[in-house]
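Dear colleague,

I am passing on the structure below, followed by an account of what was found in it.

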Amino acid sequence: MFRVALLCCATAATAAAAALDARSVPQSPLRQPSPADTRATLSDNALRHQGFRLIATNEHAPPVWMHAGDILNLYQTETRFIDVTDQDLESLVAMPSPTKFAIPNKPRHLPIVNSLLKDISIPLMTEWLTKFTSFKTRYYQSPSGLASAEWLFEQASSIAQKADPEKLKITVSKFEHDWAQFSIIVRLDSVNGTRGVPIPDDEPVVIISAHQDSTNQWNPWWGAAPGADDDGSGSCTIFEAYRVLVESGFVPSRPIEFHWYSAEEAGLLGSQKVVAKYKSNGINVAGVFHADMTGYTPENAQEVIAVSTDNVDEVLEDFVRSLIEVYNSGVKIIETECGYGCSDHASWTKAGYRASFTFETAFKSSSPYIHSTNDVVEHITFTHVEKFTRIAIAFAVEMSYDRSSL
């Protein structure tokens, strides 16, 4: 979950270099330039070269250039932001809006979905998340952040090998970035189409996503950040959904993709890159289900599923609510507001696609352990994670099989 993230490494290196240079020359008695002075005198390119980042903290005010200290202050005051330095989505505003495809008015494939839900394994999810949190940190610029991505890529590739190649084509891809940790995209395509009819190349894809990175708010580069809930739980949720679909022999109609984004904690950087690529390439998207923080239940509290009321597509979010009601019968559904840029679904929404988001609690009651060394598996309620996995599987099947909009 991106409450606020910290970009420190490039700016820290710049500051360190400046400090070394300062020791080698005579010091002026005049006041040294402040960050505000620097912003006032340098061009955008020069500011970026100096390690500044262009940061938006709400949709109603223009973004401003900030240095590491500014961003750290945002973090400590829990001010959410999006890093728009690269203008990934802003540069595409002149493009036509993506097509919005019709959403089912209710779940229609209960026998198929219910047959899959029984294959969800809490022991496997526990084992998976225990390993995923064993990396010291999954910070997007760190060596262990790269190592964790490589491990996740290998796990996804291993599941792909279990598919029947005569029925299901699975592509596991690295979406490379300018930083160490890559995003991961897994695509499931029917080999034979639907009832023998080939699927068109422009068929809208169904996307199920999470973010793979973690952060320690006090020391992102070197501090331990197991990230069990944020967002190991969401990553585990969608990986289990992927495993169940493949191992059951499920073959989609519309293609299904599973995305694990890099650098969410740094201002939605990874998802902005992916979404911009999809929009610039004219890729049709039926809808996005995003999972970020699915495993925390406050002490002595009832497990709930919160549906977001902001930065989502209302029609798709209503459909997700119906999936919860049908496939998580009896679970309490509440509404919550996530806020500006709180996770990667916001990148899809900003670009004009249909996106949905559910959460583990009311946002004000979310895990107190995230972004710290205490975000560990021992604080995860796996029966809670299982409920979100049910939604992810149902979303994949129902959205893939519904082609009524074509």
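Which residue in E7 does valine 186 stand opposite? Valine 186 stands opposite phenylalanine 258, and five bridges join strand E5 (residues 183–190) to strand E7 (residues 256–261), the two running antiparallel. Strands here are DSSP runs of E of at least two residues and helices runs of H or I of at least four, numbered from the N terminus, and two strands pair if DSSP finds at least two bridges between them.

Please note that the model is predicted, with local features needing pLDDT of at least 70 and side-chain atom pairs counting only at pLDDT 80 or more, while totals for chains, interfaces and linings use all residues. Residues are numbered from 1 along each chain as its sequence is written, and side-chain values use heavy atoms, leaving out hydrogens and water.

Eight strands form an open sheet of mixed pairing, in the order E4-E5-E7-E6-E8-E11-E9-E10; strand E4 (168–175) and strand E10 (332–336) are the edges, each pairing on one side only.

The largest nonpolar core (buried Ala, Val, Leu, Ile, Met, Phe, Trp, Tyr and Cys residues joined through side-chain atoms within 4.5 Å, buried being under 20% relative accessible area with a 1.4 Å probe, protein chains only) has 66 residues, of which Ile170, Val186, Tyr242, Phe258 and Trp260 touch the most other members. Helix H12 (residues 382–401) gives the largest share of this core, 11 residues. Apart from this core lies another, of 17 residues, including Leu92, Tyr261, Ala276 and Trp348.

With best regards

Terms used. Buried < 20%, exposed > 50% of the residue type's maximum accessible area, 1.4 Å probe, protein only.
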